[in-house]
Amino acid sequence: MNLPNPKTLIWPTLCGVLLGLCILAYLPSQRDRDYVYAVEHAAPAVANIYTTKVVQQRHPLANDPLFKHFFKRNGKAKQQLERSLGSGVIVSDAGYLLTNYHVINGADEILVLLHDGRQALASVIGSDADTDLAVLKIDLGNLTSITIGDPSKIRVGNIVLAIGNPYGFGQTVTQGIVSATGRYGLGLSQFENYIQTDAAINPGNSGGALIDTKGRLLGINTAIYTQSGGSTGIGLAIPTDLALRTMSDLITYGRPLRGWLGIEVQPVGLGTNGVIITALASSGPAEKAGLKVGDILTEINGEQVGDGHAGMKLITYTRPGQQVRIGLLRGEELLTIVTQVAERPNS
């Protein structure tokens, strides 16, 4: 009986093992398929937020010309507590949370309820209506902060999960995909660069986390595009990089630091690269550098300005005091002008 040479079996066996390992590596793991790992990793860092506001309630006839004199003499406005809810994300073991400005705006008391059942009153470190972001601080130990992801690497079609407190139900997770990136022009805030998702986002989700399948924070859920008040498959989140930049500025400076050139622009034409300067701020950086109304801006630091949104975002994200190189068309002449960006004045 002829037995096979053991040496001749080594390579087929080795190849089989390697093929099996490749197949296992290619197939999604169980934790990626059902997202349990992502939720378990991120959920402890997502908190429910409850706010209380004292409002003055007056009789509906108090402003009526026939009755207002009576109410002025005899009636006093009654105080009433107005409560609302939202979500927040712990981004630092020191107790800093990110949430939406509209969640805490005007609140007299902010209560944060953690995933582990603990609760604490929060103080407002800073807020920014232009991005609809706010930073809160709670004084509790043993906090779990969320792992930060990179929103610049996400692609349309990536699976995402939204974690928040819809309708006050308590922490809830919904799943969807990235529907679009870089959404702007919606009129929701001054500086818009939203991640769009079809993961169900409802009232109360505002300020919660949009995470990837590894549990990493991609954005702060901020709005739903709806006419009914409920989720319609169009949810919007502020990318993490913008949120963290704003948070850092609010903690360090008490305000967001944004670049400013002092120009107003309009697109040259639909689908055409370039914007035309329509107005210049007196003694602003652009005017001092020699830019003129009618100049067509085509590049900023070598990047095309597109319809203006990308270019103006680049200026906004440039730190005050730094220089930018502007490529422009003045009549038939191509020019390059270098100027220093100033801090954007308070709006």
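This report describes the open and enclosed spaces of the structure, one helix beside them, and a few single residues. The model is predicted rather than determined by experiment, and local features are described here where pLDDT is at least 70.

**The largest pocket**

Rolling a probe the size of a water molecule over the atoms shows where empty space is left. In this model the largest pocket holds about 540 Å³ of space, and its lining is made up of 26 residues. Of these residues, Gln190, Phe191, Met312, Lys313 and Thr316 are the ones that lie nearest the centre of the pocket. Three elements, namely strand E15 (259-260), strand E16 (263-267) and helix H8 (309-317), each supply at least two residues of this lining, and H8 gives the most, with six residues. Sorted by class, the lining of the largest pocket consists of 12 nonpolar, 10 polar and four charged residues.

Where does the largest pocket lie with respect to domain 2 (151-253) and domain 3 (259-343)? Because both of these domains give residues to its lining, the pocket lies between them.

**The cavity**

The structure also holds one cavity of 30 Å³ or more, and the space in the largest cavity comes to about 80 Å³. Its lining is formed by Phe191, Leu242, Arg245, Thr246, Asp249, Pro256, Leu257, Arg258, Thr316 and Tyr317. Phe191 and Thr316, which are part of this cavity lining, are also among the residues that lie nearest the centre of the largest pocket. Helices H6 and H8 each supply at least two residues of the cavity lining, with the largest share, four residues, coming from H6. By class, the lining of the largest cavity divides into five nonpolar, two polar and three charged residues.

**Helix H6**

Helix H6 covers residues 240-253, and at 1.5 Å a residue its 14 residues should span 20 Å, which agrees with the 19 Å between its end C-alpha atoms. Within H6, the buried residues include Thr240, Leu242, Ala243, Thr246, Met247, Asp249 and Leu250. Of these, Leu242, Thr246 and Asp249 also line the largest cavity. Just after the helix, Gly254 takes a positive phi of about 80 degrees.

**Residues in strands**

The table gives the strand in which each of four residues is placed, together with its relative accessible area.

| Residue | Strand | Relative accessible area |
|---|---|---|
| Ser87 | E2 (residues 78-90) | 0%, buried |
| Thr222 | E13 (residues 216-224) | 3%, buried |
| Ile300 | E18 (residues 296-300) | 1%, buried |
| Leu329 | E20 (residues 323-330) | 27%, partly exposed |

Two of these residues make contacts through polar atoms of their side chains. A polar atom in the side chain of Ser87, a residue of strand E2, lies 2.7 Å from the backbone oxygen of Gly204. The side chain of Thr222, in strand E13, makes a polar contact of 3.0 Å with the side chain of Asn100.

The other two can be described by their C-alpha distances to residues elsewhere in the chain. Ile300 and Leu314 are 14 residues apart along the chain, and their C-alpha atoms are separated by 7.8 Å. Leu329 and Leu297 are 32 residues apart in sequence, and the distance between them in space is 6.5 Å, C-alpha to C-alpha.

**Positive phi in two loops**

Which loops hold Asp132 and Ser283? Asp132 is found in the loop between strand E6 (123-128) and strand E7 (133-137), whereas the place of Ser283 is in the loop between strand E17 (275-280) and helix H7 (285-289). Asp132 has a phi near 60 degrees, a positive value in a residue other than glycine, and Ser283, although not a glycine, has a positive phi of about 65 degrees.

Are these two loop residues buried or partly exposed? Asp132 has a relative accessible area of 10% and is therefore buried, since buried means under 20%. Ser283, at 46% relative accessibility, counts as partly exposed, because that class runs between the 20% limit for buried and the 50% limit for exposed.

Note on methods
Residues are numbered from 1 along each chain as its sequence is written. Side-chain values use heavy atoms; hydrogens and water are left out. On a 1 Å grid over the protein atoms alone, a cavity is a set of points where a 1.4 Å probe fits but cannot get out, and a pocket is an open set with protein on both sides within 12 Å along at least five of seven lines; lining residues have an atom within 4 Å of a point. Grid points are joined across faces, edges and corners, and a volume is the space filled by probe spheres set on the points. Ala, Val, Leu, Ile, Met, Phe, Trp, Tyr, Cys and Pro count as nonpolar, Asp, Glu, Lys and Arg as charged, and the others, Gly among them, as polar. Domain bounds come from an automatic or database domain assignment. The expected span of a helix is 1.5 Å times one less than its number of residues. Buried means under 20% relative accessible area, exposed over 50%, partly exposed in between (1.4 Å probe, protein chains only). A polar contact is a pair of N or O atoms within 3.5 Å; within protein, one must be able to donate a hydrogen and the other to accept it, and residues adjacent in sequence count only if both atoms are side-chain atoms.
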